[in-house]
Amino acid sequence: MTFTVAIVGRPNVGKSTLFNRLVGRRAALVDDAPGLTRDRREGEARLGARRFTVIDTAGLEDADGSTLEGRMREQTERAVADADLALMLVDARAGVTPIDRHFATWLRRQPTPVCLLANKCEGRAAEANLGEAFALGLGEPVAVSAAHGIGMPDLLDLIEAHLAGAEPETDPDEETDGEEGEDDNRPIDLAVVGRPNVGKSTLVNALIGDDRMLTGPEPGVTRDAIAVEWTYRERALRLVDTAGLRRRARVSERLEKMAVDDTFKAVGLAHVVVLVLDGEAILDKQDLTIARHVIDEGRALLIAVNKWDIVADRTEATRRLRDRLETSLPQARGLPTVMISALKRQRLDALMDAVLQTYALWNARITTGRLNRWLDGVAASHPPPMVAGRRVKLRYMTQVKSRPPTFALWVSRPEGIPEAYQRYLINGLRETFGLTGVPLRLLLRKGHNPYAGKE
């Protein structure tokens with residue numbers, strides 16, 4: 001089993017900064033404002049030759065379980081229970097606070113081993129407060145600075161002491177991924193996006209069968225884009241829950257802007273994106289803006305209409321959705337749409353089957369022979385308009401890449417192909433080869449057949 005380390009402590013002691021240091025990238029959002037982290041985030045950490053799983057958690061606060069802060073603390077408690085080692089951070093510059101003492105007492109009662117880290121020890125101001133940490137009863141504190149990388153060898157020694165018997169992991173730079181082009185065993189990156197309070201986190205929890213994501217009636221509960229490894233029908237997936245996207249004109253707070261940027265980053269890295277809609281407010285302007293962004297990024301897109309169990313007039317809602325898709329998203333004709341209820345876990349298999357089908361289309365490859373036979377028929381039945389009295393010749397077509405399917409078309413005069421005719425060609429490709437619901441790219445090239453005379 002993978003060795004797991006949970007990072008805990010009160011708000012704003014540097015837990016996310018240490019997490020980023022251990023995983024080697026800015027995976028977690030970091031800001032001076034306390035309480036930025038809410039969900040727990042997992043990542044693969046590396047110190048020296050050791051590799052292990054590290055969990056970033058929300059700041060520990062003494063709050064009632066019915067409140068948002070109380071639910072955040074419950075997520076942290078679960079992380080500590082699942083971990084092999086807990087690292088409690090205190091702020092060496094601020095000194096030990098009553099809330100530090102309160103949770104140190106709680107941690108001493110847990111079966112999970114706990115080690116104490118005094119963070120922010122990059123200056124002399126921290127030295128005077130370092131001795132106070134001994135009073136927490138968690139042993140000698142290890143002085144570190146997550147922001148500056150100070151004390152990492154000492155932290156490695158501390159973790160090594162709890163990794164007795166574990167073999168060092170191999171250097172990832174020396175590992176090979178097998179034959180180039182093999183993608184069958186790599187997980188599908190699936191991002192769940194939408195407006196606030198449409199049920200994104202509830203959907204992720206329903207899919208994995210665990211209350212992994214923090215949920216609640218408050219809008220904007222999720223801030224970080226949190227990834228969870230999962231398997232569906234023996235296919236590995238990486239589910240990414242994201243922050244709700246409001247209209248940019250309404251996004252004014254710095255923390256919300258950071259969360260929105262994190263969501264857009266998750267979309268850019270995803271293979272498939274599920275846009276979650278509220279069944280009682282289908283495809284408003286913000287939903288269309290999100291959908292267009294996903295398509296522009298070249299990601300495969302599905303629509304999940306959530307809360308379908310409480311929709312009063314389902315026939316009218318379905319008709320309105322179909323009309324909006326046809327008129328406002330013609331660039332993704334045939335977009336898969338699944339009506340679900342995340343809370344009651346209804347039709348989740350239908351949603352995931354659609355995800356796998358769309359992913360296969362997004363990876364589709366069309367042979368050059370089939371493309372050019374289709375192109376000959378198009379040129380004969382509906383040739384492009386003439387330019388200055390001269391006919392534009394469609395010479396040759398091939399697929400240059402997938403994910404999304406991208407085609408290159410060699411023509412005699414690329415500037416003479418109007419956008420309307422390009423859309424005609426894309427729609428023809430979509431209908432002839434069954435590429436419904438995925439974005440297509442068409443690149444115009446000038447010149448003769450580049451493969452003429454070659455085998």
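How exposed is E77, in terms of relative accessibility? At 27%, E77 counts as partly exposed. I should say at the start that this is a predicted model.

E77 has a salt bridge to R73, with N and O 3.1 Å apart. Both residues sit in helix α2, residues 68-82, and because they are four residues apart, about one helical turn separates them. R73, at 14% relative accessibility, is buried.

That pair belongs to a wider set: the whole structure has 17 salt bridges. Let me take two that link distant parts of the chain.

In one of them, R50 meets E160, at 3.0 Å from N to O. R50 lies in strand β3, residues 50-56, and E160 in helix α5, residues 152-162, so the partners are 110 residues apart. R50 is buried, with a relative accessible area of 10%, while E160 is partly exposed at 30%. In the other, R195 pairs with D287, the closest N and O atoms being 3.0 Å apart. R195 is in the loop between β7 (188-194) and α6 (200-208), D287 is in helix α8, residues 285-296, and their positions lie 92 residues apart in the numbering. R195 is buried at 14% relative accessible area, and D287 is buried at 0%. Elsewhere, D189, E229 and R238 are joined into one network by salt bridges that share partners.

Last, the surface. R390, R391, K393 and R395 gather there in a patch of positive charge. R390 is in the loop between α11 (368-381) and β13 (394-401), and R390 is exposed, with a relative accessible area of 57%.

Definitions and conventions: Residues are numbered from 1 along each chain as its sequence is written. This is a predicted model: local features need pLDDT of at least 70, side-chain atom pairs count only at pLDDT 80 or more; totals for chains, interfaces and linings use all residues. Side-chain values use heavy atoms; hydrogens and water are left out. Patches are made of residues with over 30% relative accessible area and no salt bridge: like charges are joined within 9 Å, nonpolar side chains (Val, Leu, Ile, Met, Phe, Trp, Tyr) within 5 Å. Accessible areas come from the Shrake-Rupley method with a 1.4 Å probe; for residues, only the protein chains shown count as cover. A salt bridge is a side-chain nitrogen of Lys or Arg within 4 Å of a carboxyl oxygen of Asp or Glu. Lys and Arg count as positive and Asp and Glu as negative; His and the chain ends are not counted. The place of a charge is taken as NZ of Lys, CZ of Arg, CG of Asp or CD of Glu. Helices (H or I, at least four residues) and strands (E, at least two) are DSSP runs, numbered from the N terminus. Buried means under 20% relative accessible area, exposed over 50%, partly exposed in between (1.4 Å probe, protein chains only).
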